[in-house]
Amino acid sequence: MRRMRPAAQPPADPTSSRILDVAERLVQTRGFNGFSYADIALELGITKASLHYHFATKAELGRRLIARYSEQFSQALRGISERLPAAPARLRAYVKLYTDVLSDERMCLCGMLAAEYSTLPAAMQSALRTFFELNEAWLADLLEVGLHDGTLSVSGRSADAARMLVGALEGEMLVARAYGDPARFIAAAELLVAPLDGARARVRSSPRARTGAARGAPRRLRSPRLARSARAGPRP
């Protein structure tokens, strides 16, 4: 979700990369309709004519932004799958992608664009749906793996749970941003993920845990002196 290092590929034109870097940050902080070519040109010290040479239209710039972001995100997901064998750990690593973006005082690029969906060109709308479908498919596969090996617990279809997770995480980012408080996002995300953790769910539903809960409120603590007095019985 943050600007990730792309995989090895033919060297990109450095000016195009710089333009994409600046545009990505502007989308993540202002939205696609919140900046113009003039803003990018001023920041990079280049002419608008040079911008149009690299990206003929803002719509083309937006489409390239989504394509690059999607590829970087896909690489991050592959890295999670290769690095972490356990499904619960992969799920929390996925959530951390969102946390890292928010801690950089940015939003998910595609989450910001989704808020402006009706104003985007058709090519950008299509690329945006592809990004979310990538996320949902990866999460659905992860949930299926966790269900199969008993490490995750899902109520209903994995595909539906995956859509819920993506939507909830994107939405909570927006709310946390309004308060300038990433801790709100972290707490809400944990409430989403914790019920899916099969191992934790088994601990919560174990006979010992239920017995402890049934005992009700904690016992009142008494001082040793009062305890001795109680054992000795009432004084005359």
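A disulfide is taken here as a pair of cysteine sulfur atoms within 2.5 Å, and in general it is a covalent bond between the sulfur atoms of two cysteines. A search of the whole structure with that cut-off finds 0 disulfides, and the tour will come back to two cysteines later on.

The model on your screen is predicted, so local features are described where pLDDT is at least 70, side-chain atom pairs count only at pLDDT 80 or more, and totals for chains, interfaces and linings use all residues. Residues are numbered from 1 along each chain as its sequence is written, and side-chain values use heavy atoms, with hydrogens and water left out.

**The whole chain**

Begin with the protein chain in a cartoon view, where you can look for 12 helices and 0 strands; helices (H or I, at least four residues) and strands (E, at least two) are DSSP runs, numbered from the N terminus. Switch next to a surface view, in which the accessible surface of the protein chain comes to about 13,700 Å², with 57% of that area belonging to carbon and sulfur atoms; such areas come from the Shrake-Rupley method with a 1.4 Å probe, and for residues only the protein chains shown count as cover. Of the 236 residues in the protein chain, 38% are buried, where buried means under 20% relative accessible area, exposed means over 50%, and partly exposed lies in between (1.4 Å probe, protein chains only). A contact means heavy atoms within 4.5 Å, and among the contacts in the protein chain with a separation of 6 or more, 67% are between residues 24 or more positions apart.

**Helix H1 and its partners**

Select Asp21 and Arg68, which form a salt bridge whose closest N and O atoms are 2.9 Å apart; the term means a side-chain nitrogen of Lys or Arg within 4 Å of a carboxyl oxygen of Asp or Glu. This pair links distant parts of the chain, since Asp21 belongs to helix H1 (residues 14-30) and Arg68 to helix H4 (residues 58-83), 47 residues apart. Asp21 counts as partly exposed at 24% relative accessibility, whereas Arg68, at 19%, is buried.

Stay in helix H1 and select Gln28, which is buried with a relative accessible area of 1%. Which backbone oxygen does the side chain of Gln28 reach? It is the backbone oxygen of Met107, at a distance of 2.9 Å.

**The loop before H6 and the two cysteines**

From Met107, move to Glu105, which is placed in the loop between helix H5 (87-103) and helix H6 (109-115). Glu105 has a positive phi of about 60° although it is not a glycine, and at 70% relative accessibility Glu105 counts as exposed.

Now return to the cysteines by selecting Cys108 and Cys110. Cys108 is in no disulfide, and its nearest cysteine sulfur, that of Cys110, is 5.3 Å away. Are these two residues buried or exposed? Cys108 is buried, with a relative accessible area of 1%, and Cys110 also counts as buried, at 0%.

**Helix H7**

Select residues 122-149, which make up helix H7, a run of 28 residues that reaches 41 Å from its first C-alpha to its last, close to the 40 Å expected at 1.5 Å a residue; the expected span is 1.5 Å times one less than the number of residues in the helix. H7 is followed by Gly150, whose phi is positive, near 80°.

Within H7 you can pick out Ser126, which is partly exposed at 35% relative accessibility. Draw a distance from the C-alpha of Ser126 to that of Ile66, and you will find 10.0 Å between these two residues, although they are 60 residues apart in sequence.

**More salt bridges**

How many salt bridges does the structure hold? There are 12, and two further examples are worth selecting. Glu71 and Arg78 form one in which the closest N and O atoms are 3.5 Å apart; Glu71 is partly exposed, at 36%, and Arg78 is partly exposed as well, at 41%.

For the last stop, select Arg157 and Asp160, whose side chains meet in a salt bridge at 3.1 Å, N to O. Salt bridges that share partners join Glu136, Arg157, Asp160 and Arg163 into one network, and within it Asp160 counts as partly exposed, at 36% relative accessibility.

How values were computed. A polar contact is a pair of N or O atoms within 3.5 Å; within protein, one must be able to donate a hydrogen and the other to accept it, and residues adjacent in sequence count only if both atoms are side-chain atoms.
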